[in-house]
Amino acid sequence: MTETIAADTPFAVSVRDVNMMFDGVHAVRDATFDLEKGRFLTILGPSGSGKTTLLRMIAGFGRPTSGDVVINGLAVGSVPPHKRSIGMVFQKLALFPHMTAAENVAFPLRMRRFDARTIPDRVQRYLDLVKLGKLGDRRIHELSGGQQQRVAIARALVFEPDLLLLDEPLAALDRKLREEMQLEFRRIQRELDVTTINVTHDQREALVVSDEIIVMDHGRIQQKARPEATYRQPKNAFVANFIGVTNFIEGTVASVDGDLIAFSRPGLAGRTGNGFRPTAGAPARGALRAEQIRIGGGREALGDVDTVFDGTVTDSIFEGERVVYEVAVADLGGTMLRVFDHDPVTHSQHDVGSTVALGWNVKDVLVFGD
Amino acid sequence: MRPSRTAYPLSWRLMDALEATAVAVWPRSFAAAVPWLMLLPAVLLVGLLVLGLWDMADGSLRTLDTATFLPSDDYSLRNYDRAFTEKLFFTVASRSLIGSLIVTVITLILAFPYSYVMVRTRSAALRKVLLIALFLPFFIGQVVRAYGWLIILGSQGMVNEALGLVGVAPVRLLYNYPAVLFGLVQYMLPFAVLMLAPALTAIPEEMESAAGSLGANWVKTFLHVVLPMAKPGFIGAGLVVLTLSLTDFAMPAILGGGSQDFIANAIYDQFFRTSDQGMGATLALLLVAVGSMMVGVVFALFGAGTLAMGRAK
């Protein structure tokens with residue numbers, strides 16, 4: 001039994017050069033990362049990025065074509081799922097409809113031969129943990145979507161697994177419930193201090209719940225970093241584009257001065273992203289977040305900024321807490337920039353077709369080569 | 001403006017023409033009656049059956065006059081008395097009942113892995129092969145299939161010939177109870193698989209993965225998750241197999257060779273050999289009663305399974 005051996009490694013999970021190929025598709029390529037015990041990791045990526053395949057390999061539902069999955073210091077390549085100490089919350093929850101909520105939570109204890117006398121107390125404790133203390137006798141179809149989520153969490157945690165895996169269980173919920181459950185996951189994870197790996201395509205969820213984020217695309221790990229670093233220092237254009245609302249300004253490099261990269265377009269410059277060191281004349285793209293751009297009726301309204309361009313408003317979208325402007329900038333070759341205006345006082349003051357001034361700081365433009 | 005051919009294909013225009021004809025023949029104001037009208041043929045058919053039963057009930061109360069070979073004019077319960085007391089009828093009835101129960105159990109056991117593989121396999125080719133193998137017997141009638149078994153299992157059949165090659169004396173494989181049950185299982189298997197497959201399809205594969213991650217090996221997963229969740233399919237399949245084999249005629253007749261009669265064979269004999277229509281009607285009615293009771297008991301104990309249909313709760 002793997003779970004009985006106490007390995008003195010600080011890592012709950014280590015993934016070593018893992019590759020997964022099936023039906024001619026290279027779903028996961030050379031994935032390598034370590035996850036410290038007690039941390040909450042989110043694997044974030046678009047559909048088809050390999051994130052779920054990676055999670056399923058950690059759970060034991062698929063053997064890597066090559067490479068090792070190490071859990072608590074032990075390579076688990078040939079260990080079947082039911083012999084791993086892993087709790088998993090599935091995308092469609094997979095609660096057993098022929099059992100009550102309490103029976104669902106008791107199921108892993110019965111399967112794992114816990115002392116029968118301790119089972120009822122333990123089940124009640126975990127139902128209390130997920131705030132379903134009084135609903136144990138309900139059948140699954142008698143519970144609401146959010147309550148079913150809670151049963152699934154309790155069932156995955158009740159046997160105190162070394163690792164909790166979440167396979168996009170929140171994807172089907174409406175936004176309000178999803179945000180509530182994200183905070184619940186966070187609370188329960190902190191309360192039990194259980195190492196957790198969450199898979200999602202929801203960038204907001206990744207930022208809200210995680211200690212660390214792995215961004216995946218096309219089977220490759222693009223970046224592993226803390227949420228703030230993932231957002232502020234994306235390692236490449238894909239990460240910059242996938243998280244947040246990002247504008248890309250295409251151009252060629254005029255000169256490089258330390259971290260500072262000047263574009264051949266007059267007035268446009270940025271700082272290097274991820275150590276990108278181009279030579280003059282190389283193609284490059286500057287990534288600029290929509291919230292980093294200030295918008296005003298004239299240049300004097302922008303305040304103290306390094307870079308200023310004029311543009312024409314082509315669309316104005318009211319999103320409640322903010323207005324998103326789409327502005328065409330002629331001096332940037334007609335590049336369309338999306339700009340947030342969060343100020344309720346100035347909301348919607350720029351009509352479609354009106355001329356506006358856009359301003360930002362050079363340090364907010366991250367320059368990438370790809 | 002005429003819509004272009006691609007935007008408005010021929011099949012749509014055909015549908016338009018059909019709809020227009022339908023409206024001309026059956027004005028829209030009659031629309032509420034349509035569902036009932038469509039039910040009518042089925043109701044009429046069942047109604048005819050009930051009429052037939054009524055006629056048989058009448059016949060079952062008349063005894064055969066051995067002098068004239070005509071049913072008596074007066075009513076009596078003589079036929080029912082005979083059915084419950086004569087040893088022959090008891091033997092036939094218990095043979096049919098026990099046989100159909102055995103056939104049901106064996107068929108369900110064999111049908112489960114077949115449907116499971118058919119539903120779960122990732123290979124589209126294997127699924128096709130399994131489906132074709134399933135439907136092939138339907139194209140061959142039950143009687144032809146029974147004769148096929150005669151050719152294979154007969155005293156000069158293929159099996160005995162093969163045994164002869166290794167020096168084993170011919171074995172009597174036909175005209176006994178196991179032969180009839182064997183033929184029935186073979187006949188019922190496709191029905192059971194077809195009834196079980198939708199129930200298994202309805203179990204998400206994620207359920208089995210979940211059971212695995214929660215600590216259940218495949219045996220426990222089967223016992224605690226797949227089996228309970230497939231229960232409606234087992235009930236539906238079990239009822240179909242039970243009633244079909246309880247009332248079967250061809251297999252006992254051909255593979256039993258007259259020595260292994262089921263109730264249907266006894267009824268046939270009464271009607272067409274001894275010409276005792278009253279006795280035949282009595283046995284037929286008793287068969288209907290016993291079959292209905294068994295179905296009723298299953299419904300009461302386990303619910304109607306997939307046969308309950310209706311909207312999901």
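**View 1. An open sheet of five strands in chain A, with the order S15-S19-S16-S17-S18.** This close-up, like the others here, comes from a predicted model. Pairing in the five-stranded sheet is antiparallel. Strand S15 (294-296) and strand S18 (335-341) of chain A sit at the edges, each pairing on one side only. From one strand to the next, the twist averages 40 degrees.

**View 2. Where S19 of chain A meets S15 and S16 of chain A.** S15(A) and S19(A) run antiparallel and are joined by three bridges. Look for A:Gly296 here: its bridge partner in S19(A) is A:Ala357. S16(A) also pairs with S19(A) in the antiparallel sense, this time over six bridges. A:Ala357 turns up again in that pairing, standing opposite A:Asp310.

**View 3. Side chains that alternate along strand S19 (residues 355-360) of chain A.** A:Val356, A:Leu358 and A:Trp360 point to one face and are buried. A:Thr355, A:Ala357 and A:Gly359 point to the other face and are not buried. So A:Ala357, the bridge partner of A:Gly296, belongs to the face that is not buried.

**View 4. Strands S16 and S17 of chain A, side by side.** Strand S16 covers residues 307-318 and strand S17 covers residues 323-329. The two run antiparallel, and six bridges hold the pairing on paper. One pair to pick out is A:Thr312 with its bridge partner in S17(A), A:Ala328.

**View 5. The six-stranded open sheet of chain A, in the order S6-S7-S8-S3-S9-S10.** Pairing is mixed in this one. The edges belong to S6 and strand S10 (220-225) of chain A, and each of these pairs on one side only. Ignoring direction, neighbouring strands are turned by 15 degrees against each other on average.

**View 6. S6 and S7 of chain A, with a helix packed on the sheet.** S6(A) pairs with strand S7 (residues 163-167) of chain A in the parallel sense, over four bridges. Within that pairing, A:Val89 has A:Leu166 in S7(A) as its bridge partner. Helix H4 (residues 145-157) of chain A packs on the sheet and touches both S6 and S7 of chain A. The direction of this helix makes about 170 degrees with that of S6(A).

**View 7. Inside the largest nonpolar core.** The core counts 102 residues. Which of them touch the most other members? They are A:Ile43, A:Ile58, A:Val105, A:Ala154 and A:Leu165. Zoom in on A:Val105 and, leaving out residues up to four places away in sequence, you'll find it touching A:Val123, A:Tyr126, A:Leu127, A:Val151, A:Ala154, A:Arg155 and A:Val158. Apart from this core lies another, of 34 residues, with B:Leu173, B:Tyr187, B:Ala199 and B:Leu246 among them. As a general backdrop, nonpolar side chains in soluble globular proteins tend to be buried together.

**View 8. The contact between chain A and chain B.** Chain A brings 18 residues to the contact and chain B brings 16. On the side of chain A that touches chain B, strand S6 (86-89) and helix H2 (101-111) of chain A are the elements that give two or more residues. H2(A) gives the most, with three residues. By residue type, this side of chain A divides into 12 nonpolar, three polar and three charged.

**View 9. B:Ser100 in helix H4 (residues 87-120) of chain B.** Is B:Ser100 buried or exposed? B:Ser100 counts as buried because it has 25 C-beta neighbours inside 10 Å. Setting aside neighbours within four places in sequence, B:Ser100 is in contact with B:Leu242, B:Ser245 and B:Leu246. B:Leu246 is also one of the residues in the 34-residue core. B:Phe262 is 162 residues away from B:Ser100 along the chain, yet their C-alpha atoms are separated by 9.7 Å.

**View 10. Stepping back to each chain.** Chain A has eight helices and 20 strands, and its C-alpha atoms fill a box of roughly 75 × 45 × 35 Å along the principal axes. Of the 370 residues in chain A, 40% are buried. Among chain A contacts between residues at least 6 apart in sequence, 66% join residues at least 24 apart. For chain B, the domain assignment gives domain 1 (1-48) and domain 2 (88-308). The centres of these two domains of chain B, taken over C-alpha atoms, are separated by 40 Å.

Methods. Residues are numbered from 1 along each chain as its sequence is written. Chains are lettered from A and ligands numbered from 1 in the order in which they are written. This is a predicted model: local features need pLDDT of at least 70, side-chain atom pairs count only at pLDDT 80 or more; totals for chains, interfaces and linings use all residues. Domain bounds come from an automatic or database domain assignment. Two residues are in contact if their C-beta atoms, placed from the backbone, lie within 7 Å. Ala, Val, Leu, Ile, Met, Phe, Trp, Tyr, Cys and Pro count as nonpolar, Asp, Glu, Lys and Arg as charged, and the others, Gly among them, as polar. A residue is buried if 20 or more other C-beta atoms lie within 10 Å of its own, exposed if 12 or fewer, and partly exposed in between; C-beta atoms are placed from the backbone. A nonpolar core is a set of buried Ala, Val, Leu, Ile, Met, Phe, Trp, Tyr and Cys residues joined through C-beta atoms within 7 Å. Two strands pair if DSSP finds at least two bridges between them. Axes are lines fitted to C-alpha atoms, for helices over the stretch in contact, and angles run from 0 to 180 degrees between N-to-C directions.
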